[in-house]
Amino acid sequence: LSTIPTVGPGALKHREDTKLYGTDKEKNLFVPQDGFYRGVAEECVDAGIGINMFFFPSQYIDVATIGVLPGLTGGEVLFHPRFDPVRDGVKLLSEVRRTVLRETAYNVTMRLRCSNGLRVADHFGNFFQHNATDLELGTMDADKCIAALVKHDGKLDEKHEAYFQCAVLYTTAEGERRVRCHNIAVPVTSLLGNVFRYADMDSTVAFYSKEVVSLAHAKPLKEVRHYLTDKCVKILLAYRRNCASSTSPGQLILPESFKLFPLYALALNKTKCIKGGNVTSDVLAFYMRFFRAQGVSAVMS
């Protein structure tokens, strides 16, 4: 797609307004302006179809609205503003090759289960959700990642491990219907020091990248950036208070696993998905979709 669709079903209006940048109404630019594309996307999910969209705009094209198609079906948005074959040709060729050749599953239903005392509170990523537990996707491929927020509202026993299972029902490219299960058992601890000692920095950053993008549809970008900074401060303050309270108050104490968290939080605040300023709404909308889809290693790089 190289221009905004203005005729027939799904016709869109030009709604880019630089006056909204940095205001409370800026978030409206990231919300789809028409329900048509959501309806088409839901039908595609039911039929086991995933859509990849290649954008080649020279001006506003409304990625936020049209991006719902790949966003709900498990597809991908690929963005080449002011496309130049000499400059962008190699990248485009590699994207097309990867899109066609990577391992892909169809008609996908996914569910995450966990042991008593834990519950899955939310999911972040590109998918369609009919109910609170099942995620549905037209396609799921090797480059996609979904984050889940797990809360514990019951008492966990340190003598027993906590269990998680991710089950995916899907059809292969050859037409076989399969179930894939990933099971993991993790130890339970009441010592916060152990939580920090074995924490995974990369997974944490990838999780927050998906969460802040979801928040950007409901809150101004300034508040989203503040939320991320606040999370970083609270996590490090909890370590300071509970794990290193005996050291001098003027000394900066950071947990080994999270000592780079302030750097990553700052880097995330400066990415094009939430930094705001003079970044166009199309570019912001593309990077929001991009971060929602990407796996841990891609987000970290």
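Student: In which strand is aspartate 122 found?

Tutor: The model is predicted, so the answer refers to predicted coordinates. Residues 118–124 form one strand, and aspartate 122 is found in that run. The strand is S4.

Student: Is aspartate 122 buried, partly exposed or exposed?

Tutor: The relative accessible area of aspartate 122 is 34%. Buried requires under 20% and exposed requires over 50%, so a value in between gives the middle class. Aspartate 122 is therefore partly exposed.

Student: Which residues is aspartate 122 in contact with, leaving aside its neighbours within four places in sequence?

Tutor: Tyrosine 239 is 117 residues from aspartate 122 in sequence, and their C-alpha atoms are 25 Å apart. With the neighbours within four places in sequence set aside, the contacts of aspartate 122 are Ala147, Ala148 and Leu149.

Student: How far does helix H4 reach from its first C-alpha to its last?

Tutor: H4 covers residues 85–101, and has 17 residues. At 1.5 Å a residue the expected span is 24 Å, and the model comes close to that. The reach from first to last C-alpha is 22 Å.

Student: Which residue caps the N-terminal end of H4?

Tutor: The cap is a contact between a side-chain oxygen and the backbone nitrogen of valine 86. The two atoms lie 3.0 Å apart. The oxygen belongs to aspartate 84.

Student: Which residues of H4 are buried, and what covers them?

Tutor: The buried residues of H4 are Asp88, Leu92, Glu95 and Thr99. For Asp88, the relative accessible area is 11%, which means it is buried. The cover of the buried residues includes strand S1 (53–55) and strand S2 (77–79).

Student: Which residues make the nonpolar surface patch, and what is its area?

Tutor: One residue of the patch, valine 100, is found in H4. Valine 100 counts as exposed because its relative accessibility is 63%. Val96, Val100 and Leu101 make the patch, with an area of about 300 Å².

Student: What is the distance between the closest N and O atoms in the salt bridge of arginine 87 with aspartate 88?

Tutor: Arginine 87 is exposed, with a relative accessible area of 53%, whereas aspartate 88 is buried at 11%. The two residues form a salt bridge. Their closest N and O atoms are 2.9 Å apart.

Student: How many residues apart in sequence are the parts tied together by arginine 98 and aspartate 143?

Tutor: Arginine 98 and aspartate 143 form a salt bridge, with the closest N and O atoms 2.8 Å apart. Arginine 98 lies in helix H4 and aspartate 143 in the loop between strand S6 (134–141) and strand S7 (147–152), so the parts that the pair ties together are 45 residues apart.

Student: Are arginine 98 and aspartate 143 buried, partly exposed or exposed?

Tutor: Arginine 98 has a relative accessible area of 41%. For aspartate 143 the relative accessibility is 23%. Arginine 98 is partly exposed, and aspartate 143 also counts as partly exposed.

Student: Which residues are linked in the network of salt bridges?

Tutor: A search of the whole structure finds 14 salt bridges. One of them joins the side chains of aspartate 141 and lysine 144 at 3.0 Å, N to O, and both of these residues are buried. The linked residues are Glu76, Arg98, Arg102, Asp141, Asp143 and Lys144.

Student: What is phi of aspartate 62?

Tutor: Most residues other than glycine have a negative phi. Aspartate 62 has a positive value, in the loop between S1 and helix H2 (63–66). Aspartate 62 is buried, with a relative accessible area of 0%. Its phi is near 60°.

Student: What is phi of arginine 82?

Tutor: Arginine 82 is placed in the loop between S2 and H4. Arginine 82 is exposed, with a relative accessible area of 60%. Although arginine 82 is not a glycine, its phi is positive, at about 50°.

Student: What separates the C-alpha atoms of methionine 288 and phenylalanine 30?

Tutor: Methionine 288 is in helix H9 (residues 281–293) and counts as buried at 3% relative accessibility. Leaving aside neighbours within four places in sequence, methionine 288 has contacts including Phe30, Val213 and Cys273. Methionine 288 and phenylalanine 30 are 258 residues apart along the chain, and their C-alpha atoms are separated by 9.1 Å.

How values were computed:
Residues numbered from 1 in each chain as written. Predicted model: local features only at pLDDT ≥ 70, side-chain atom pairs only at ≥ 80, totals over all residues. Heavy atoms only, no water. Patch = residues over 30% accessible without salt bridge, like charges linked within 9 Å, V, L, I, M, F, W, Y side chains within 5 Å. Areas by Shrake-Rupley, 256 points an atom, 1.4 Å probe, with all protein chains shown as cover. Salt bridge = Lys/Arg side-chain N within 4 Å of Asp/Glu carboxyl O. Helix = DSSP H or I, 4+ residues; strand = E, 2+ residues; numbered from the N terminus. Buried < 20%, exposed > 50% of the residue type's maximum accessible area, 1.4 Å probe, protein only. Expected span 1.5 Å × (residues − 1). Contact = heavy atoms within 4.5 Å. Polar contact = N/O pair within 3.5 Å; in protein donor to acceptor, adjacent residues only side chain to side chain.
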